[in-house]
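Visitor: I have a structure open and would like to learn how to read it. Could you walk me through a few features?

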Amino acid sequence: MSEQSLSVESNANADAALPLSVVSDANADVALPVVYTPVSSTNASVSLANQALVVGQEFADVDTCRRTLKDTAIALHFEIRIVKSDRSRFIAKCSRDGCPWRVHVAKLPGLPTFTIRTLHSEHTCEGVQNLHHQQASVGWVAQSVEARIRDNPKYKPKEILQDIRDQHGIAVSYMQAWRGKERSMAALHGTYEEGFKLLPAYCEQIRKTNPGSIASVVATEQENSFQRLFVAYRAAIYGFVHACRPLLELDRVHLKGKYIGTLLCAAAVDADDHLFPLAIAVVDVESDENWMWFVSELRKLLGVNTDNMPRLTILSERTPGLVEAFETHFPNAFHGFCLRFVSENFRDTFKNSKLVNMFWSAAYALTTTEFESKISEMVQLSEDVLPWLHYFNPQLWAVTYFEGVRYGHFTLNFTELLYSWALEYHELPIVETMEHIRHQMASWFHQRLSVGMQLASILVPSAEKRISEAISDANCYKVLRANEVEFEIVSSERTNIVDIRIRICSCRRWQLYGLPCAHAAAALISCGQNAHLFAETCFTVHSYRETYSQMIHPIPDKRLWREPGEGVQVDVTIRPPKTRRPPGRPKKKVLRLESLKRPKRVVQCGRCHMLGHSQKKCTLPM
């Protein structure tokens, strides 16, 4: 059966449009509604009133007419066969031999409107006796689910199957449901191919509506096949340079659309520990060459601003391509491993839960003595730990050795965000995907700025909470003042040295997290200082507001985009990349988020130094 037309006796092309016709019938001068219930029909819930056909009934166009006839046939459980069809008329009858049901529809002169001229409404056949229906084509499925898909792009083929059976009493195949959804998505959002063609105009719209933003698309030289897209909004660039901590996380996620591809992202962290996407790219494949290009674009994005910023700290999985890229374009940056990535490799290598727990103790050790002690215990269980440490140099991940400042962020915290984007938007064309990401970023900017304007404290809520905990824990210590800026903080376990001028503590937490630790809080309180004023600037409410002070402006609907202006090649048509999704049933789930195996935050007591509880809940006697 055709996806767009009804069954045709002449076996016409299944994709051909159906012109309608007019036939005069003197015997059909009475308008009769279709009233037909198959003998064995059990779908009594179908409303026949909504499916009634009458002589003189008009349809806005041929598609509406075709749709109405299909709906009627499906609702009343009979199948239609087209007898004759040309530009101005069509004749359809019941597909069962001997059944008198027949309808003549004609196009009105000079108008696109069609009307029912004659109708024989009586059925003598038993109709369709099973759940399968000839008129339930892919096109019909697409139109049936369009409204639902507009509201919920995650509408699954299995759900489509069940809803069609519940609502219409018929069964369609999984592939019909899947193709119907694909066709409906194309009608709502355009095709994948159209998305690639729109990229040059889309980049121009970003630069036009958001001056100072960077948006570029790169295609192969010979065939103009899509290769790379890079987008960074001026609002995000300004927020990172002027207010965020100098920390960048880089990660990627593989897309599972028709032409697959990889989404690359560089994200920062704002004052209140929210993710802050700085730059987003889509590339045809993940490769060392594409990572080198992405990092070079990051360098151009930051430009002279990096000279006025502290040295950047980079967190990633340190693939060979990324290592080479940062050594080339950010030679002075501290480039460390994502601690989750290292821990997963350790776990998969040794498959020993006791060793894994010891690994985390070593990773979070604050001094070299503690770290070496834990490593010695690990080596006693397995001597293979030593060669593993040569491969994963502790200077690139261990808290005690890593030279960069991570502000407590030891893992890639936006991996789940990337996978959620990939899961939610991978069925959309590339322009629609980027627009959904822009919408989410614009919403974050608006909401977080509104929250920031209502804050009356010195620091953002998350920093305020940590400072309050440090002040509470400070009561456990005895403070000895050496001079104006140096203090000894004495407890039953150890003594720590605090210098409030250069903002360091011998426990190293102040330096690692950017917020006064309990020892620093004790020293500051003893000399009448406000501990909140000794936090890093990036944790202040002022910085939080400054981060979101710029706006990501909206982009007009693509139907309003004009031809590219001066300096834009109007003769360039971006074609889809050569990479395509392999054949077979499409896999709708890119990755289950629970499979990310993200480790829980390891809490270490500042008094007994054991894992699993804080100093406040420590049971060790004072």
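**Reading the model, feature by feature**

Guide: Let's start with one residue: His77 counts as buried, at 9% relative accessibility. Keep in mind that this is a predicted model.

Visitor: Where does His77 sit in the chain?

Guide: His77 lies in the loop between α1 (62-75) and β3 (80-85). Look at its backbone too: His77 is not a glycine, yet its phi is positive, at about 60°.

Visitor: Which phi value does Asn224 have?

Guide: Asn224, also a residue other than glycine, has a positive phi near 55°. You'll find Asn224 in the loop between β7 (214-219) and β8 (226-232). Asn224 is partly exposed, with a relative accessible area of 23%, whereas His77 is buried.

Visitor: Let's zoom out. How many helices and strands are there in the chain?

Guide: The chain has 19 helices and 17 strands. Of its 622 residues, 50% are buried. About 30,000 Å² of the chain is exposed, and carbon and sulfur atoms supply 50% of that area.

Visitor: What share of the contacts comes from residues 24 or more positions apart?

Guide: Among contacts with a separation of 6 or more, 66% join residues 24 or more positions apart.

Visitor: Now helices. What describes two packed helices?

Guide: Two packed helices are described by the angle between their axes and the distance between the axes. Try helix α3 (residues 157-168) and helix α4 (residues 174-189): their axes come within 8 Å and cross at roughly 110°. The range for roughly perpendicular is 65 to 115 degrees, so α3 and α4 are roughly perpendicular to each other.

Visitor: Which residues of α3 and α4 meet?

Guide: On the α3 side, look for Pro157, Lys158, Ile160 and Leu161; they meet Tyr174, Ala177, Trp178 and Lys181 in α4. The residues of this contact divide into six nonpolar, two charged and no polar.

Visitor: What does Lys154, in the loop between α2 and α3, touch?

Guide: Leaving out residues up to four places away in sequence, Lys154 touches Glu159, Lys181 and Glu424. Lys154 is partly exposed, with a relative accessible area of 46%. Check another distance while you're there: the C-alpha atoms of Lys154 and Leu423 are separated by 8.7 Å, though these residues are 269 residues apart along the chain.

Visitor: How should I think about which way residues point along a helix?

Guide: An α-helix has 3.6 residues a turn, so residues three or four places apart point the same way. With that in mind, have a look at helix α9 (residues 320-329), where Gly321, Leu322, Val323, Ala325 and Phe326 are buried.

Visitor: What do the buried residues of α9 pack against?

Guide: They pack against β9 (247-254), α8 (288-302), β12 (313-316) and β13 (334-337).

Visitor: Last one: aromatic pairs. How many are there?

Guide: The count comes to 31 aromatic pairs. One of them is Phe337 with Phe341, which is stacked: 6.0 Å centre to centre, with 20° between the planes. Phe337 counts as buried at 7% relative accessibility, while Phe341 counts as partly exposed at 26%.

Visitor: And is the pair of Tyr391 and Phe392 stacked or edge-to-face?

Guide: Edge-to-face: Tyr391 and Phe392 are 5.0 Å apart centre to centre, with 80° between the planes. Planes over 60 degrees apart count as edge-to-face. Tyr391 counts as exposed, at 66% relative accessibility, but Phe392 is buried, with a relative accessible area of 4%.

Conventions: Residues are numbered from 1 along each chain as its sequence is written. This is a predicted model: local features need pLDDT of at least 70, side-chain atom pairs count only at pLDDT 80 or more; totals for chains, interfaces and linings use all residues. Side-chain values use heavy atoms; hydrogens and water are left out. Axes are lines fitted to C-alpha atoms, for helices over the stretch in contact, and angles run from 0 to 180 degrees between N-to-C directions. Helices (H or I, at least four residues) and strands (E, at least two) are DSSP runs, numbered from the N terminus. Angles under 35 degrees count as roughly parallel, over 145 as roughly antiparallel, 65 to 115 as roughly perpendicular and the rest as oblique. Contact means heavy atoms within 4.5 Å. Ala, Val, Leu, Ile, Met, Phe, Trp, Tyr, Cys and Pro count as nonpolar, Asp, Glu, Lys and Arg as charged, and the others, Gly among them, as polar. Buried means under 20% relative accessible area, exposed over 50%, partly exposed in between (1.4 Å probe, protein chains only). Accessible areas come from the Shrake-Rupley method with a 1.4 Å probe; for residues, only the protein chains shown count as cover. Rings of Phe, Tyr and Trp (its six-membered ring) pair if their centres lie within 6.5 Å; planes under 30 degrees apart count as stacked, over 60 as edge-to-face and the rest as tilted.
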